[in-house]
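User: I would like to work through this structure step by step. Please take my questions one at a time and show the reasoning behind each reply.

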Amino acid sequence: MKQLSDLARLPLGVYPTPLYKLENISARYGRNIWIKRDDLCGVALGGNKVRKLEFLLADAKAQGCDTVFTTGGAQSNHAMLTAACAARLGMRCILILKKRGVTDRRGNLILDEIYGADVRFMDTDSYDDIYAEMHRVAEELAVEGHTSYFIPCGGSNALGALGYAACVEEVTAQADALGVHFGHIVSATGSGGTTAGLLLGAKLFYPDAKVTGIGVDDDPFGEIVPALAAEAASLLDGTLERRADDFEMVFHLGDGYAIPNPEDTPYIEELARSEGILLDPVYTGKAWAGMLKLLQSGYFEGQEDILFVHTGGAAALFAMDLP
Ligand SMILES: *Cc1c(COP(=O)(O)O)cnc(C)c1O
């Protein structure tokens, strides 16, 4: 089996990101809860997409592409971080975003513009429509001699997922240095790549941790995540050897994807006021509140330490208020 270091990867983020214990939260909930600050990864306002882009954009460069296309909702963190990383690499970035959610010039749409992305909207609910449009635009650009690279929504393909396998390798070294052992790794699941990478990474580097994805969208992630993790393993010429109880999806969606949930607000405020950390209402706020509700319901049996992976998203706070 190949090592992650055998694959091309560009150093886009500042890693390792901090990992430390949330002292006030741990005291309050009677359980050791640690945080992996991937919101502090050194690009824009941080976020999980940068680890994926390290692999994806390395592939784009290796293929000689000068233009990168991606998509997401209007306030997509992934689209914004792709714009930021593409700009740094001297690549043109075309974002074809779903005309859904907050489409006026706020939050990530301001940042997309600062990073110089070509932002277009499509009034559709289907990413297939958007992928078709990307290919149509890319054909026009090809006539002018440009070569395009296509990144799916969320950067959640097998190559992107490897970014979060790499994250677990990083966590393993940090945990060893701190003398701590995590029984659980928890993060938001929005398109599945992060959780898939964490599952593969746990398999490779941290075999007795259980990965719990907190679903913030309603796709069938219970199947999507292990399938994507297996596909990511195959890029390393390996297979994903599952073990009972190594992964679970729990949904904490509220009224739907990107609809802030009033029940989460007290949890978001509690983390801000006790630890100084910002969560967003679309991903991390839901994942965090969902995790603490699980903790209170006895889901995390035993006393093993829990690691919450903070995946970023703060720009949403400037696009939508907490309900
Ligand atoms: C995209 C995103 C997620 C979800 O990650 P996926 O790999 O798409 O499941 C979580 N948090 C934030 C802030 C995100 O932008």
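**Ligand contacts and helix packing**

Analyst: To begin, in this predicted model a polar side-chain atom of S191 lies 2.5 Å from an oxygen atom of the ligand.

User: Which residues are the closest to the ligand among those that surround it?

Analyst: The ligand is surrounded by 16 residues. S191, whose polar side-chain atom was placed 2.5 Å from a ligand oxygen atom, belongs to the closest group. That group consists of K49, K52, S191, T194 and T311.

User: How far is an oxygen atom of the ligand from an N or O atom in the side chain of K52?

Analyst: K52 is one of the closest residues around the ligand. Its side chain supplies the N or O atom of this pair, whereas G192 uses a backbone N or O atom, 2.8 Å from a ligand oxygen atom. For the side chain of K52, the distance is 2.6 Å.

User: How are α2 and α6 oriented relative to each other?

Analyst: Helix α2 spans residues 49-62 and helix α6 spans residues 158-178. Their axes are 7 Å apart, and the packing angle is about 130 degrees. An angle between 115 and 145 degrees is neither roughly perpendicular nor roughly antiparallel. The two helices, α2 and α6, are therefore oblique.

User: Which residues of α2 make the contact with α6?

Analyst: The crossing of α2 past α6 is right-handed. On the α6 side, the contact involves L159, G160, L162, G163, Y164, A166, C167 and E170. By class, the residues of this contact are 7 nonpolar, 2 polar and 4 charged. From α2, the contributors are R51, K52, F55, L56 and D59.

User: How are α7 and α8 oriented, and how many charged residues does their contact have?

Analyst: Helix α7 (residues 193-205) packs with helix α8 (residues 221-235) at about 60 degrees, their axes being 8 Å apart. The pair is therefore oblique, and α7 passes α8 in a right-handed crossing. G193, T195, A196, L199 and L200 of α7 meet V225, P226, L228, A229, A232 and A233 of α8. These residues divide into 9 nonpolar and 2 polar, and the charged class has none.

User: What is the orientation of α9 relative to α10?

Analyst: The axes of helix α9 (residues 265-275) and helix α10 (residues 284-296) come within 9 Å and cross at roughly 95 degrees. Angles from 65 to 115 degrees fall in one class. Therefore α9 is, relative to α10, roughly perpendicular.

User: Which residues of α10 take part in the contact with α9?

Analyst: The contact has 6 nonpolar, 2 polar and 2 charged residues. Helix α9 brings Y267, I268, E270 and L271. Helix α10 brings G285, W288, A289, L292, K293 and Q296.

User: Is the peptide bond from Y15 to P16 cis or trans?

Analyst: P16 is located in the segment before β1 (19-21). Most peptide bonds are trans. For the bond from Y15 to P16, however, omega is near 0 degrees, and the bond is cis.

User: What is the phi of D237?

Analyst: D237 sits in the loop between α8 and β9 (247-251). Most residues other than glycine have a negative phi. D237 is a residue other than glycine with a positive value, near 60 degrees.

Key: Residues numbered from 1 in each chain as written. Predicted model: local features only at pLDDT ≥ 70, side-chain atom pairs only at ≥ 80, totals over all residues. Heavy atoms only, no water. Axes fitted to C-alpha atoms, helices over the stretch in contact; angles between N-to-C directions. Helix = DSSP H or I, 4+ residues; strand = E, 2+ residues; numbered from the N terminus. Parallel < 35°, antiparallel > 145°, perpendicular 65-115°, else oblique. Left-handed = near helix turned anticlockwise from the far one by under 90°. Contact = heavy atoms within 4.5 Å. Nonpolar A, V, L, I, M, F, W, Y, C, P; charged D, E, K, R; others polar. Near = heavy atom within 4 Å. Polar contact = N/O pair within 3.5 Å; in protein donor to acceptor, adjacent residues only side chain to side chain.
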